[in-house]
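Let's take a walk through this one together, starting from a single side chain and working outwards. Have the structure open and turn it as we go.

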Amino acid sequence: MSNSDSQCIYPSCSINRYSRGLCKPHYMVAFHLVETKEITWEELAENKRCLPKRGEKMTGAQEWFLSDNSNHQ
Ligand SMILES: [Zn+2]
């Protein structure tokens, strides 16, 4: 599965990643949703619908403070 590192994280999509772990077509779908305020990149990343932007990833400590789940994994 080493090839999958460079592929879009969308299920069954084998197009190379463009940004945030998504290929360009899927990135544009997500981008449109963020633009129209349907969702934020942070929420998408949290739901594993995209990867956090490089350098934007929260530290484990920040995640712990922001999490409302005491069973933090
Ligand atoms: Zn894709």
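Start at Leu-44. Leaving aside residues up to four places away in sequence, Leu-44 touches Ala-30, Ile-39, Arg-49 and Cys-50. Two of those partners, Ala-30 and Cys-50, turn up again with Leu-44 in the largest nonpolar core, where Cys-8 and Leu-22 join them to make five residues in all. That fits a broad pattern: nonpolar side chains in soluble globular proteins tend to be buried together.

Before going further, a word on what you're looking at: this is a predicted model. The mean pLDDT over the chain is 85, and 82% of the residues score at least 70. Confidence varies from element to element, with H1 at the top on a mean of 97 and helix H3, residues 60–66, at the bottom on 76.

Now zoom out to the fold. What does the secondary structure of the chain come to? Three helices and zero strands, so to speak of order is simply to read α-α-α from the N terminus on. Of the 73 residues in the chain, 11% are buried. As for longer-range contacts, take those with a separation of 6 or more: 16% of them link residues 24 or more positions apart.

H1 is a good place to pause. Helix H1 covers 24–35 and has twelve residues, reaching 16 Å from its first C-alpha to its last, close to the 16 Å expected at 1.5 Å a residue. After H1 comes Lys-37, with a positive phi near 65°.

Lys-37 brings us to the backbone. Most residues other than glycine have a negative phi, which makes the exceptions worth a look. In the segment before H1 you'll find Ser-12, which isn't a glycine yet has a positive phi of about 65°. Arg-20 also sits in the segment before H1, and its phi is positive too, near 55°.

Are Ser-12 and Arg-20 buried or exposed? Ser-12 counts as exposed because it has 5 C-beta neighbours inside 10 Å, and the cut-off for exposed is 12 or fewer. Arg-20 has 21 C-beta neighbours inside 10 Å, so it counts as buried; the threshold there is 20 or more.

How values were computed: Residues are numbered from 1 along each chain as its sequence is written. This is a predicted model: local features need pLDDT of at least 70, side-chain atom pairs count only at pLDDT 80 or more; totals for chains, interfaces and linings use all residues. A nonpolar core is a set of buried Ala, Val, Leu, Ile, Met, Phe, Trp, Tyr and Cys residues joined through C-beta atoms within 7 Å. Two residues are in contact if their C-beta atoms, placed from the backbone, lie within 7 Å. Helices (H or I, at least four residues) and strands (E, at least two) are DSSP runs, numbered from the N terminus. The expected span of a helix is 1.5 Å times one less than its number of residues. pLDDT is the predictor's confidence in each residue, from 0 to 100.
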